Amino acid sequence: NTLACLCYIDPQGEKKTSGDVTKIYPLPHMYVLKDLVPDMGNFYEQYRSIEPWLQTKEGKTEGQTEFLQTREDRSKLDGMYECILCACCSTACPSYWWNADKYLGPAVLMQAYRWIEDSRDDFKDKRLEELDDAFKLYRCHTIMNCTRVCPKHLNPGKAIAHIKKTLAEK
């Protein structure tokens, strides 16, 4: 899997494969609505289920425009917030192929970890509790196809491992 807009095509005559026909397919293991358009409904519902927004107990005080964090806390989010939710990682994952209705998949789990690690969020324990499920999280068998195919060179497998480790330490 990759994004067609990022896939390099060799100019004709430059390499052995340059004369080959380039084939473009929709994301695998998803229903196709039309032509190359997959049905991303289930994927986005799963994303919505992790409540991907900042949750605080008290909210903003009067005059406060944003929630600040230290540079160190902000650097913990590097490698997670860059995800563009293209679903390349999820559709490359065998566990997601067979359990897409229950297993959240690498992209959604990496975004869940992004909010778990955010120092400004007050609901880390609630988020972890929601993920502590035999299907939502533990269908990941660390095959790491997700990391190999990510067009942004992120590591969803590492984020999933951190969630599992955090839950094991509780």
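This tour proceeds from the whole chain to its helices and then to several loop residues.

**The whole chain**

The structure on display is a predicted model. Begin by showing the entire protein chain as a cartoon, where 8 helices and 2 strands make up the secondary structure. Followed along the sequence, the elements occur in the order β-β-α-α-α-α-α-α-α-α. Aligned to the principal axes, a box of roughly 60 × 35 × 30 Å holds the C-alpha atoms. The protein chain has 170 residues, and 37% of them are buried. Among contacts with a separation of 6 or more, 69% are between residues 24 or more positions apart.

**Helix H1**

Next, select residues 41-49, which form helix H1, and display the side chains of Phe43, Gln46 and Tyr47; these three residues are buried. They lie on the same side of H1, because the arc they cover around the axis is only 100°. To see what this side faces, add residues 88-91 (helix H3), 94-99 (helix H4) and 105-116 (helix H5): the buried residues of H1 pack against these three helices. Then move just past the end of H1 to Glu51, whose phi is positive, at about 55°.

**Helices H5 and H8**

Keep H5 in view and select helix H8, residues 156-169. Two packed helices are described by the angle between their axes and the distance between the axes. For H5 and H8, the axes come within 8 Å of each other and cross at roughly 55°. The two helices are therefore oblique to each other, and the crossing is left-handed.

Now show the side chains at this contact. On the H5 side, select Pro106, Leu109, Met110, Tyr113 and Ile116; on the H8 side, select Pro156, Ala159, Ile160, His162 and Ile163. Colouring these residues by type gives 9 nonpolar, 1 polar and no charged.

**Helices H6 and H8**

Retain H8 and add helix H6, residues 124-131. The axes of H6 and H8 are 11 Å apart, and the packing angle is about 105°. That angle makes H6 roughly perpendicular to H8. At this contact, Lys124, Leu128 and Leu131 of H6 meet Ile163, Thr166 and Leu167 of H8. The residues here comprise 4 nonpolar, 1 polar and 1 charged. Ile163 may be left selected from the previous stop, as it takes part in the contact with H5 and also in the contact with H6.

**The loops on either side of H7**

Most residues other than glycine have a negative phi, and most peptide bonds are trans. Against that background, select Met144, in the loop between H6 and helix H7 (145-149). Its phi is positive, near 70°. Met144 counts as partly exposed, with 30% relative accessibility.

Continue to the loop between H7 and H8, and select His153. Here too phi is positive, at about 60°, although His153 is not a glycine. Is His153 buried or exposed? A relative accessible area of 72% makes His153 exposed.

The last stop is Pro151, which is also found in the loop between H7 and H8. Pro151 counts as buried, at 14% relative accessibility. Which residues does Pro151 contact, leaving aside its neighbours within four places in sequence? Select Leu3, Leu6, Cys86 and Cys88 to display them. Finally, draw a distance from the C-alpha of Pro151 to that of Leu77: the two residues are 18 Å apart in space and 74 residues apart in sequence.

Terms used:
Residues numbered from 1 in each chain as written. Predicted model: local features only at pLDDT ≥ 70, side-chain atom pairs only at ≥ 80, totals over all residues. Heavy atoms only, no water. Buried < 20%, exposed > 50% of the residue type's maximum accessible area, 1.4 Å probe, protein only. Helix = DSSP H or I, 4+ residues; strand = E, 2+ residues; numbered from the N terminus. Arc of directions from axis to C-beta. Contact = heavy atoms within 4.5 Å. Axes fitted to C-alpha atoms, helices over the stretch in contact; angles between N-to-C directions. Parallel < 35°, antiparallel > 145°, perpendicular 65-115°, else oblique. Left-handed = near helix turned anticlockwise from the far one by under 90°. Nonpolar A, V, L, I, M, F, W, Y, C, P; charged D, E, K, R; others polar.
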